[in-house]
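Here are my comments on the model you sent round, set out as numbered points. Please read them with the coordinates open beside you.

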Amino acid sequence: MSASLRPSPIIPTVDFDRDGVQHGHLRLPYSRDDSAWGSVMIPICVVKNGSGPTALLTGANHGDEYEGPLALFDLARRLEPKDVSGTVIIVPAMNYPAFRAATRTSPIDRGNMNRSFPGRPDGTVTQKIADYFQRELLPRADLVLDFHSGGKTLDFLPWCAAHVLPDKAQEKAAFAAVEAFSAPWSVKMLEIDTVGMYDTAAEEMGKVFVTTELGGGGGSTAETVRIARRGVSNVLRHAGILAGDVETAPTTWLDMPDGCFCFAESDGLMETMVDLGETVAAGQVVARIHPIARTGGAPQDIEAAISGLLAARHFPGLVQAGDCVSVMATRID
Ligand code: ZN
């Protein structure tokens, strides 16, 4: 049997076709030293009421990003079938082992969920979870909302985003959902490398895919969690799954043109020269990497290649060569 035809080892304890609220797990067998016949138990909630569109909502695709899990555990606790037309599938912590370890990647296999698609049913734990989303959950969805934040090493302006796509009808639907989310910033997002991403897997299936970057630093703020909670309800209202009007808030649209990413070329101590949201001119020094091996060395100046505003930055005080230090974005009028 080829890998592509092998069934997933994951057993859901919920029935995706049953009306009502179900709180259960995706049970993934995982034999190990402290549990010979053990499992990874990924929490899942399904709220279904009749026919209608299906939304797939995910958090902790990266385990150290918290606005998504906070908004989605909360939504799962309070959503009732009478509020819903269609189906809402909630997985608050997609890379559950990483979430439990408070790390970006899985402590089991170092798997980065967002670089593991389409996954493998006979692969590592992370690849098996990706494969289950690829073949079982994504095909059920009309709309996919995947929460991200900066995690321990990046910090972002709070934004909701979708990608520029070859299918302009699909792109338009995604940007409309981003507008409905009503984050303070809305982004036409450019990725450094799209291979293996959940985003790409969903988009290639023709789904309306929306993502976020809502702060970072490995924690959350009152504001970013409020934005996440309002945003998920807004996207469900926009899709007609929840009744009521979208609770709009002002948003500023941003683009990420070529040249938006700046990388460190040496190890050192990072001094940020501008804060998130500040206006930057092309050629302006946005960060300075101070050498730390000895005194007397000149810092490496990181200059913005384009004019715009600072949309994201490296969070910890120390950087390594190759780290993304700053990300610029430009306003769309
Ligand atoms: Zn992430």
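**Notes on the predicted model**

1. Strand 3 and strand 5 (residues 86-91) run antiparallel and are joined by 5 bridges, and within this pairing Asn-49 is placed opposite Gly-86 of strand 5. Please keep in mind, here and in the points below, that this is a predicted model.

2. Strand 3 also pairs with strand 2 (residues 20-29), again in the antiparallel sense, over 10 bridges, and Pro-29 is found opposite Ser-39 of strand 3. Of the 11 residues in strand 3 (residues 39-49), 8 are buried, so this strand is largely enclosed by the rest of the structure.

3. A separate point concerns an open sheet of 4 strands, which has the order 16-15-13-18 and antiparallel pairing. Its edge strands are strand 16 (300-303) and strand 18, each of which pairs on one side only.

4. Within that sheet, strand 15 (residues 285-290) and strand 16 are paired in the antiparallel sense through 4 bridges, with Ile-289 opposite Gln-300 of strand 16 and Val-285 opposite Glu-303 of strand 16. Strand 13 (residues 268-272) is likewise antiparallel to strand 15, over 4 bridges, and there Glu-271 stands opposite Arg-288 of strand 15.

5. Leu-318 belongs to strand 18 (residues 318-319), and with a relative accessible area of 53% this leucine is exposed. Together with Leu-269 and Ile-292, Leu-318 makes a nonpolar surface patch of about 290 Å².

6. Which protein atoms serve as donors of the zinc ion? They are ND1 of His-62, two OE entries of Glu-65 and ND1 of His-148, and they lie 2.1 to 2.3 Å from the zinc ion. Along the chain, the donors of the zinc ion follow the spacing H-x2-E-x82-H. Glu-65 lies in the loop between strand 4 (54-58) and helix 1 (67-78), whereas His-148 lies in the loop between strand 6 (143-146) and strand 7 (154-156), so this pair ties together parts that are 83 residues apart in sequence. Both Glu-65 and His-148 are buried.

7. The geometry of the zinc ion's site deserves a careful reading, as the angles among its 4 donor atoms run from 56 to 148° and the site is irregular. Four donors would count as tetrahedral if all angles lay between 85 and 135 degrees, and for four tetrahedral donors the ideal angle is 109.5 degrees. Water is not among the atoms, so the site may look incomplete.

8. Glu-65 has a further partner, for its side chain meets that of Arg-104 in a salt bridge (3.3 Å, N to O). Arg-104 is placed in the loop between helix 2 (96-101) and helix 3 (125-137), and Glu-65 in the loop between strand 4 and helix 1, so the pair ties together parts that are 39 residues apart in sequence. How accessible is Glu-65, and does it count as buried or exposed? At 3% relative accessibility, Glu-65 counts as buried, while Arg-104 is partly exposed, with a relative accessible area of 31%.

9. The count of salt bridges comes to 13, and one of them joins the side chains of Arg-32 and Asp-34 (2.9 Å, N to O). Arg-32 counts as partly exposed, at 28% relative accessibility, whereas Asp-34 is exposed, with a relative accessible area of 66%.

10. Helix 4 (residues 168-181) contains both Glu-171 and Lys-168, which are separated by about one helical turn because they are 3 residues apart in that helix. These residues form a salt bridge in which the closest N and O atoms are 2.7 Å apart. Glu-171 counts as buried, at 12% relative accessibility, because the cut-off for buried is under 20% relative accessible area, and Lys-168 is partly exposed, with a relative accessible area of 47%.

11. Finally, salt bridges also link Asp-74, Arg-77, Arg-78 and Arg-229 in a network, which can be inspected alongside the pairs described above.

How values were computed. Residues are numbered from 1 along each chain as its sequence is written. This is a predicted model: local features need pLDDT of at least 70, side-chain atom pairs count only at pLDDT 80 or more; totals for chains, interfaces and linings use all residues. Side-chain values use heavy atoms; hydrogens and water are left out. Patches are made of residues with over 30% relative accessible area and no salt bridge: like charges are joined within 9 Å, nonpolar side chains (Val, Leu, Ile, Met, Phe, Trp, Tyr) within 5 Å. Accessible areas come from the Shrake-Rupley method with a 1.4 Å probe; for residues, only the protein chains shown count as cover. A salt bridge is a side-chain nitrogen of Lys or Arg within 4 Å of a carboxyl oxygen of Asp or Glu. Helices (H or I, at least four residues) and strands (E, at least two) are DSSP runs, numbered from the N terminus. Buried means under 20% relative accessible area, exposed over 50%, partly exposed in between (1.4 Å probe, protein chains only). Donors are N, O and S atoms within 2.8 Å of the metal (3.2 Å for Na, K and Ca); water is not among the atoms, so sites may look incomplete. Four donors count as tetrahedral if all angles lie between 85 and 135 degrees; four count as square planar and six as octahedral if opposite donors are over 155 degrees apart and all others between 65 and 115; anything else is irregular. Two strands pair if DSSP finds at least two bridges between them.
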